[in-house]
There are 4 protein chains.
Amino acid sequence: MKVIRDSIHGDVFLTDLEFDIIDTPEFQRLRRIKQLGTTYLVYPSANHTRFEHSIGALHLAGRIADRLMLPDEERRNVRIAAILHDIGHGPLSHSSEELLSRYLGLSHENIAVDIIINDSNISKILEKNGIEPATISRIISEDSGYLSKIISSEFDVDRMDYLVRDAHHTGVAYGIIDLDRLINTLEISGNSLAVNERGLKAVEALLVARFLMIPTVYLHHTSRIADAMFFKATEVAVEEGYLDFCALCKMDDYDILNLFRSSRGYVKDIGRRFDERRLFKTAYTRSWYEIDKKVKNRIIGLRKNIKKWNTIEDQIAEDYNIEKGYVLLDIPQAVSLKEMDIKIIKDNQLTGIDRESPLVRILKETQKAQWSFNIYTLKEDAKRISGIEIESYLL
Amino acid sequence: MKVIRDSIHGDVFLTDLEFDIIDTPEFQRLRRIKQLGTTYLVYPSANHTRFEHSIGALHLAGRIADRLMLPDEERRNVRIAAILHDIGHGPLSHSSEELLSRYLGLSHENIAVDIIINDSNISKILEKNGIEPATISRIISEDSGYLSKIISSEFDVDRMDYLVRDAHHTGVAYGIIDLDRLINTLEISGNSLAVNERGLKAVEALLVARFLMIPTVYLHHTSRIADAMFFKATEVAVEEGYLDFCALCKMDDYDILNLFRSSRGYVKDIGRRFDERRLFKTAYTRSWYEIDKKVKNRIIGLRKNIKKWNTIEDQIAEDYNIEKGYVLLDIPQAVSLKEMDIKIIKDNQLTGIDRESPLVRILKETQKAQWSFNIYTLKEDAKRISGIEIESYLL
Amino acid sequence: MKVIRDSIHGDVFLTDLEFDIIDTPEFQRLRRIKQLGTTYLVYPSANHTRFEHSIGALHLAGRIADRLMLPDEERRNVRIAAILHDIGHGPLSHSSEELLSRYLGLSHENIAVDIIINDSNISKILEKNGIEPATISRIISEDSGYLSKIISSEFDVDRMDYLVRDAHHTGVAYGIIDLDRLINTLEISGNSLAVNERGLKAVEALLVARFLMIPTVYLHHTSRIADAMFFKATEVAVEEGYLDFCALCKMDDYDILNLFRSSRGYVKDIGRRFDERRLFKTAYTRSWYEIDKKVKNRIIGLRKNIKKWNTIEDQIAEDYNIEKGYVLLDIPQAVSLKEMDIKIIKDNQLTGIDRESPLVRILKETQKAQWSFNIYTLKEDAKRISGIEIESYLL
Amino acid sequence: MKVIRDSIHGDVFLTDLEFDIIDTPEFQRLRRIKQLGTTYLVYPSANHTRFEHSIGALHLAGRIADRLMLPDEERRNVRIAAILHDIGHGPLSHSSEELLSRYLGLSHENIAVDIIINDSNISKILEKNGIEPATISRIISEDSGYLSKIISSEFDVDRMDYLVRDAHHTGVAYGIIDLDRLINTLEISGNSLAVNERGLKAVEALLVARFLMIPTVYLHHTSRIADAMFFKATEVAVEEGYLDFCALCKMDDYDILNLFRSSRGYVKDIGRRFDERRLFKTAYTRSWYEIDKKVKNRIIGLRKNIKKWNTIEDQIAEDYNIEKGYVLLDIPQAVSLKEMDIKIIKDNQLTGIDRESPLVRILKETQKAQWSFNIYTLKEDAKRISGIEIESYLL
């Protein structure tokens, strides 16, 4: 057994097999991928990485396996799945994930599967230890029973770890959750997981923690601006031949920032703006409830028509006499809180958390308010755009 | 300046005047009054007292005064009001407060005013330092402007301190709130206080923290059983001449437990049950939504008719052949969340938090679910009573 | 399995047997015995009790048993020994222990053995579960192998728990130790315990933590004054027939304070002084290095001659025209740091920590400086005594 | 006033001037310089940067200025000095500092002065606000009175911040210190700073914390190996024309890692080894007490004769048939604990801490044991070298 000291969980014990996985170049790359992407531009301490988060997820998966008294093989597999669940992340985590999703239709889980199954150092280690790589990848990417629920579900080890870790490293107080209680009230129910009644408050606290972390950290407007700049610079880098989208998922934060720095023109300027934290400003913002439903549908529709999205940006830039690339639309997905499907065991009956918790019901409703549509541009031009009639561009 | 080391706020600095107040017998009594009353029977570490909580409240009042740049005299007064706001608490804090309210119609603020204004060591110290006792008592007991809001309002120093302190000493994770952000976003608005927009999430977190602490700690069913036993034993002690209600508010936890121990019969038995943690059990429980409205009104009406309340308890005991005093009704007040009236400053306009926060709106609604009506009795008799038709007793 | 929420360790799981032990009147009494005795008069939050500390010790014993992969029976026994190790404590913990030691020559371990072995609720529960009470008492009171080392030794669960707990509840920063690392580097060595090399720094940190906690908390001069007052009041209470020393070890903090309050004369006055925190002051103090060796030996010798000790106090009082009982000598034992005998495993060899750590060697030396001899009296008389020539009284 | 949320100090308030300084490219560069250099290869969470540490130092300087009631201008200056004290750090903080010191004889303070005084965005901002840059740089680099003591001395804001921050982000427990007590017991004494007697334990705890952090974190053997590899790769990069030493101090972690990656041969290999964490191993190690004094002097002498140092490395490589660059000598400076000169105010007299604290005296002595001389090489060759007679190479 080897030990790694973690800032959240203290001593984390690892088997030799797990340590071999950590020692691969594929896994070591995660050391150079910030867990919270561009959030460090808002919270200066948010420099923690996918590397330590993955180790934390393994640790929690082990604790849950112990709690559920899983057989040795399942325990081994779910820990490996936990440590590998983020192996497919690219530079700045969700920042590049959004791009890979837009352009290649890939999630980080898809990429993880690819790394685990296909000829990699990791697949070799698994096979050498008599583990079928497909078994692990199935736990990560398919909804295949309680093991996969531990990795990805309404209260998986992913979010148990990241809420606490993100709070610790940003200094934001809202991510504190009751890990002990959450883990100790989990039960296997059929082929899935459920929380027994004694854990209901802990689950509510988890959901509220996430609910409060979303606007404060995960969707902070400054980091959304930085993301929009990152998206555009990467797109232009691809257009101008500096980069191939397919390569993105193998890169780390160092690669992409360096690519920006060593480019020319627009891409280089955005790189420098990252280096010097000279970000665009919000010129125009409308919340979920401020936009007419039809208009909103058109806006969200642009997420599936990137060409038109770009055209509108360019058109606005031209209309306002701003250089191309310096007007950006920010169109987030509608926020969804997966946790809503949590099953509760009450009086030996399985019931849904939204039946048991009015608080959870309202979170479901309220989450929409966390969506907003924004236009970003240079500080000096922001005011001019603020009166834009966006509808005319959407036709 | 003197320093006291507090488990929550670290070094707390006190002026000589404040230290003189602390050094009075009236204030030292708070050392022997548990902050959370009978909660120590659920959370063994919940032994913290009104003494350290009062010092914490003073510390926070000082921080807020600094933030609001209050003039020296107001700063001095609000700190003194904060340290004295709980001087009127009796044994086990809210446990005796409920009794004083039922029988004498007194709140702990009423009693505090009495101690501060009338001839006490505290009033003498205030006068010696040129402070009108009535000025302090007005801040505590009247809604007289922003100073009184700091002491008692939707987000006063009382609950800022107790949420964090109760979490620290019980080990429950939900009381963590963002004190820094709450204090740093407070503003004076007219003659009242408001939170500016940047503090909205911190306020939501405060409200949710309290919302989660209520069932987990403040209304935990075990401590409600202990409270019901405490109420009855004290009532019987008064009836049997061991005690005078008027004396209760000068007593501490040691006095009352000792009085129980040195009594006879029922009171002695309850005292021993406290010592040995042999509590009654819940025989019957109905939540807010499980009781017909008319019945509920009758039940809650009993709070103003203690005689009838007692008669019903005795009647049930008789019907089930249980000794008098061993069937107890628990009829809590409908829960209210004062914080609902918090004012938010948004775009330089004053608005209500329930306009800005759907989460807060639902808390308001949901709090009702935290109410329940219960009947407690001895373990061996609990099952027999569980089928009781309570309506017939209410007529 | 039942769960108790602890302020330090979070969820602590207990077997039914362990819960039965907790539910005895003997164990419940620990709820009313402050862990740190009179320290609450210095650190207002220091109200935690032997009850939660005992549960914490059980929890740590379980973690160590898991780490050492002890067989089930040994694991069960060491956890029970841990939860019972303080069952013999009397009012204010070490305050009454000092008295029981002076007058009856009993340690709290002696009393614990008595409770465990002889006819008590606890011995009955043990026997009913097929456990020989003597087996448990031997682990607590004899140096009988590695199980007893877990309970009482250089780095036992007692001090692992109390350092962290006392820091948490006083607000003093020095008690933070690395529980994870301490537990994870323990090994069985022969019939004893040792720490492997990787834990050396964690052990040094433990020793330093304790070293810093001693003057800051455990031997704080104010709480030593309160202790001296407690000793004298109890002695007088015995002399005057209010109390029997043998009864002391069955009492709790409520009993003794109430006994003081309901006495007359001197004992009542001291009781009131506790209630109002009007403590004696230090009139005279000399450190270890300030007293001539021969004189020091005579002073320490008084610990075995209480009669002479009392005579000297009375003589000084008379000489300075002070009422009897209001001049007190404080003669502590020479401080000892048991941890000095910790065994370290280095390159598969057993070696002593003082060979490996110069820091530990010096702590051993330095601890003497924590000893001092003091005379306490009323504030108004303190100055007059400060010039006393103590030697003349010692002849 | 603007606010930054810090993981250690919570809300940190900044004046517009301070925010302007932060907004310069020179300061933003600190976001990309790891506080603990190569330590992230040991403690995966150690990704915090000089950026947040500098903001933390400013915050503490402000608290100390408030405590000492410094006049406005001094308060302003010492906060600016604090935020700028690390502006001269290069890639991986101390890793590049060692190289700049070896080759150019520059400390990071020298470089800071250069940046502050000479024509930079920072000097311009200072001048625009009527602040003489030389005033600030003098506080940072000269021993010019109590302001400079706040920045750099035995208990400066630098180490107060980094001990706590490094503990928080590595997960190591030893860095916990009592910031409150340290700050609240500081006093101006002549033109310097001193701690009053009440802070003695807090100072001892600070010194011990640092003492324990040195082997556990700051001189962890794995990060020393990584440093040695970094030194050699950078030296070779200079030799081969990829890099100029003078440029190093303007670079960040991204620049240097990217330079390694885009080089060829040895430098590229070391770059990849960093990426994949394939570090050299210790082939030979001798502690301070294991080496003859004469030999030790020769070894330490090599620090001033880098040419000979390199020659010996190459000679050993040749003798053992290892490729050039793959045998590295690690020759640290003798550890020094500056804190030893802390002044204590006792009974209104100034005295040295080593007079008052035997613990501190021994730390001074013991620190030597933290020095060791090591030879690192590839894993497969380590064993062969372990028997080397190093003396023969030193002649």
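This briefing walks through some helix contacts, strand pairings and single residues in the structure above. The model is predicted. A good place to start is helix α20 of chain B, since α12(B) packs against it with the axes 10 Å apart, and the axis of α20(A) comes within 10 Å of it too. After that come a mostly covered helix in chain B, an open three-stranded sheet in chain C, the contact between chains A and C, and a few loop residues.

**Helix α20(B) and its partner in chain B**

- Helix α12 (residues 200–218) of chain B packs on helix α20 (residues 358–366) of chain B at an angle of about 25°.
- With that angle, the pair counts as roughly parallel, because the cut-off for that label is under 35 degrees.
- The way α12(B) passes α20(B) is a left-handed crossing.
- On the α12(B) side, Glu204(B), Leu207(B) and Phe211(B) make the contact, and on the α20(B) side it's Leu359(B), Val360(B) and Leu363(B).
- Sorted by class, that contact has five nonpolar residues, one charged and no polar ones.

**Helix α20(B) and its partner in chain A**

- Helix α20 (residues 358–366) of chain A crosses α20(B) at roughly 155°.
- That makes these two helices roughly antiparallel, since the label applies to angles over 145 degrees.
- Here the crossing is right-handed.
- From chain A, the residues involved are Pro358(A), Leu359(A), Ile362(A), Glu365(A) and Thr366(A).
- They meet Pro358(B), Leu359(B), Ile362(B), Glu365(B) and Thr366(B) of α20(B).
- By class, you get six nonpolar, two polar and two charged residues in this contact.
- Leu359(B) turns up in the contact with α12(B) and again in the contact with α20(A).

**A mostly covered helix in chain B**

- How many of the nine residues of helix α15 (residues 253–261) of chain B are buried? Eight are, so the helix is mostly covered, with 20 or more other C-beta atoms within 10 Å as the bar for a buried residue.
- The buried set is Asp253(B), Tyr254(B), Asp255(B), Ile256(B), Leu257(B), Asn258(B), Leu259(B) and Phe260(B).
- What do these buried residues pack against? Within chain B, they pack against α13 (221–239) and α16 (265–276), and from chain C, α15 (253–261) joins in.

**An open sheet in chain C**

- Three strands of chain C line up in the order β5-β9-β6 as an open sheet, with antiparallel pairing.
- β5 (281–287) and β6 (327–330) are the edge strands, each pairing on one side only.
- From one strand to the next, the twist averages 15°.
- Four bridges hold the antiparallel pairing of β6(C) with β9 (residues 372–377) of chain C.
- Looking across to β9(C), you'll find Tyr376(C) opposite Leu328(C).
- Helix α13 (residues 221–239) of chain C lies across β5, β6 and β9 of that chain, and runs at about 115° to β6(C).

**Chain A: a hairpin and the side that touches chain C**

- Strand β1 (residues 2–6) of chain A and β2(A) run antiparallel, joined by five bridges.
- The hairpin between β1(A) and β2(A) goes through three residues.
- Arg5(A) has Asp11(A) in β2(A) as its bridge partner.
- Six residues of chain A are in contact with six residues of chain C.
- On the chain A side, β2 (10–14) and α11 (179–184) are the elements that give two or more residues.
- α11(A) gives the largest share, three residues.
- That side of chain A has three charged, two polar and one nonpolar residues.

**Loop residues worth a look**

- Most residues other than glycine have a negative phi.
- Asp347(C), by contrast, has a positive phi near 50°; it sits in the loop between β7 (343–346) and β8 (349–352) of chain C.
- Asn348(D) also has a positive phi, near 65°, and lies in the loop between β7 (343–346) and β8 (349–352) of chain D.
- Asp347(C) counts as exposed because it has 6 C-beta neighbours inside 10 Å.
- Asn348(D) is exposed as well, with 7 other C-beta atoms within 10 Å.
- Ser153(A) is in the loop between α9 (146–151) and α10 (157–170) of chain A.
- Is Ser153(A) buried or exposed? Ser153(A) counts as buried, because it has 20 C-beta neighbours inside 10 Å.
- Between Ser153(A) and Leu394(A) there are 36 Å in space, C-alpha to C-alpha, and the two are 241 residues apart in sequence.

Note on methods
Residues are numbered from 1 along each chain as its sequence is written. Chains are lettered from A and ligands numbered from 1 in the order in which they are written. This is a predicted model: local features need pLDDT of at least 70, side-chain atom pairs count only at pLDDT 80 or more; totals for chains, interfaces and linings use all residues. Axes are lines fitted to C-alpha atoms, for helices over the stretch in contact, and angles run from 0 to 180 degrees between N-to-C directions. Angles under 35 degrees count as roughly parallel, over 145 as roughly antiparallel, 65 to 115 as roughly perpendicular and the rest as oblique. A crossing is left-handed if the near helix is turned anticlockwise from the far one by less than a right angle, and right-handed if clockwise. Two residues are in contact if their C-beta atoms, placed from the backbone, lie within 7 Å. Ala, Val, Leu, Ile, Met, Phe, Trp, Tyr, Cys and Pro count as nonpolar, Asp, Glu, Lys and Arg as charged, and the others, Gly among them, as polar. A residue is buried if 20 or more other C-beta atoms lie within 10 Å of its own, exposed if 12 or fewer, and partly exposed in between; C-beta atoms are placed from the backbone. Two strands pair if DSSP finds at least two bridges between them.
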